Amino acid sequence: MPTHHRRTRKAVIPVAGLGTRFLPATKATPKEMLPVVDRPAIEYVVAEAVRSGIDDVLMVTGRNKRALEDHFDRAYELEHLLEEKGDVGKLRQVRGSSELADIHYVRQGDPLGLGHAVLCAEPHVGDAPFAVLLGDDLIDERDALLARMLEVQERRGGSVVAVMEVEDDRTHLYGCAAVAPSGDEADDVWAVTDLVEKPEPGTAPSNLAVIGRYVLAPQIFEVLRKTPPGRGGEIQLTDALRQLALDPALGGPVHAVVFRGRRYDTGDRGDYLRAVVRLACEREDLGPEFRAWLGEFVRDEGIR
């Protein structure tokens, strides 16, 4: 008989990072506002939360992030101009971002890491499970990863992390999970027995890398308050989840959902470009013409 737990109704999106890998573009523009085709990356992330049944979103921001708030706010002058022109299509697009979700903001005063950013969300989240979505990871809308994680958390309690198999020579770029059978009949759900943040090459407990989707039990806040700075001198969410995995009495077990779908990493310049190309190719309005041009470009330039 399954155990039913409280539903997750809120999402937290940490967006206080400086985006140094994309300088100079991010000198004055938040990295989350960089366009992926014709929508800023952050809008894809908020839309994913909404598709999963969450419409209360808290963004943990920092300095120079005002553009994020403006994007999800009403733009009355622009809307009025589009109304006068009768441009219904663009008007719908402009209003869409402001009507997407109920969005709140809190500032992370000091850049003390992802764990600290999550801790800043406690007053808004309260004592219920909540989702955390990182803006660098875009999940294709055809793959319902977050919805699956919410289902697992509601049924089994505790916390849930999304993991994905990566090449062994890339494990040092991620938090990596050691897992064991969970007793779940589904082959995508495992019990997390250990977690290591960015392990040294050759020392990872597995090739299952934690990607930017979490569903967390509220007990994570108490653990984060006691978690000392770790890798990079920052308070690591991975370290707090490791404590929950090693001692479920602190706040329930930690489950891993193995993701085998389409993920676009916009945190790296090369992967960002690949994400733009892939998503543009799949667009009904842009794809056919763009794919044709891309084929000609590859052929004419002799690219292999």
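This briefing covers the overall fold, the salt bridges, and the cavity and pockets of the structure above.

The model is predicted: local features need pLDDT of at least 70, side-chain atom pairs count only at pLDDT 80 or more, and totals for chains, interfaces and linings use all residues. Residues are numbered from 1 along each chain as its sequence is written, and side-chain values use heavy atoms, with hydrogens and water left out. The protein has 11 helices and 13 strands. It holds 26 salt bridges, one cavity of 30 Å³ or more, and a largest pocket of about 1300 Å³.

**Overall fold**

- Helices (H or I, at least four residues) and strands (E, at least two) are DSSP runs, numbered from the N terminus.
- The protein contains 11 helices and 13 strands. Its radius of gyration is 20 Å, close to the 19 Å that the globule rule gives for 304 residues, so the protein is as compact as a globular protein of that length.
- That radius is taken over C-alpha atoms, and the globule rule is 2.2 Å times the number of residues to the power 0.38.
- The C-alpha trace spans about 60 × 50 × 45 Å along its principal axes.
- Of the 304 residues, 47% count as buried. Buried means under 20% relative accessible area, exposed over 50%, and partly exposed in between (1.4 Å probe, protein chains only).
- Among contacts with a separation of 6 or more, 75% come from residues 24 or more positions apart. A contact means heavy atoms within 4.5 Å.

**Salt bridges**

- A salt bridge is a side-chain nitrogen of Lys or Arg within 4 Å of a carboxyl oxygen of Asp or Glu. The structure holds 26 of them.
- Arg-213 pairs with Glu-48, with the closest N and O atoms 2.7 Å apart. Arg-213 lies in strand 11 (residues 208-216) and Glu-48 in helix 1 (residues 41-51), so this pair ties together parts that are 165 residues apart in sequence.
- Both ends of this bridge are buried: Arg-213 has a relative accessible area of 0%, and Glu-48 has 4%.
- Arg-142 and Glu-282 meet at 2.6 Å, N to O. The pair links distant parts of the chain, 140 residues apart: Arg-142 sits in the loop between strand 7 (137-139) and helix 7 (145-156), and Glu-282 in helix 10 (residues 269-282).
- Here both ends are partly exposed, with Arg-142 at 48% relative accessibility and Glu-282 at 42%.
- Glu-200 bridges to Arg-231, with 3.4 Å between the closest N and O atoms. Glu-200 is in the loop between strand 10 (189-197) and strand 11, and Arg-231 is in the loop between helix 8 (220-225) and helix 9 (237-246), 31 residues apart.
- Glu-200 is partly exposed at 46%, and Arg-231 is partly exposed at 41%.
- Arg-74, Glu-79, Glu-83 and Arg-95 form one network through salt bridges that share partners.

**Cavity**

- On a 1 Å grid over the protein atoms alone, a cavity is a set of points where a 1.4 Å probe fits but cannot get out, and a pocket is an open set with protein on both sides within 12 Å along at least five of seven lines; lining residues have an atom within 4 Å of a point.
- Grid points are joined across faces, edges and corners, and a volume is the space filled by probe spheres set on the points.
- The largest cavity holds about 80 Å³ of space. Its lining includes Phe-22, Lys-31, Glu-32, Asp-136 and Tyr-272.
- That lining has five nonpolar, two polar and three charged residues. Ala, Val, Leu, Ile, Met, Phe, Trp, Tyr, Cys and Pro count as nonpolar, Asp, Glu, Lys and Arg as charged, and the others, Gly among them, as polar.

**Pockets**

- The largest pocket has a volume of about 1300 Å³. It is lined by 43 residues, with Arg-21, Lys-31, Leu-134, Asp-136 and Lys-198 nearest its centre.
- Strand 11 gives the most to this lining, with four residues. The lining divides into 16 nonpolar, 12 polar and 15 charged residues.
- The second largest pocket has a volume of about 860 Å³. Of its 28 lining residues, Asp-38, Arg-39, Glu-43, Tyr-44 and Arg-283 are closest to its centre.
- Helix 4 (88-98) is among the elements that give two or more residues to the second lining. Its five residues are the largest share.
- This second lining divides into 12 nonpolar, four polar and 12 charged residues.
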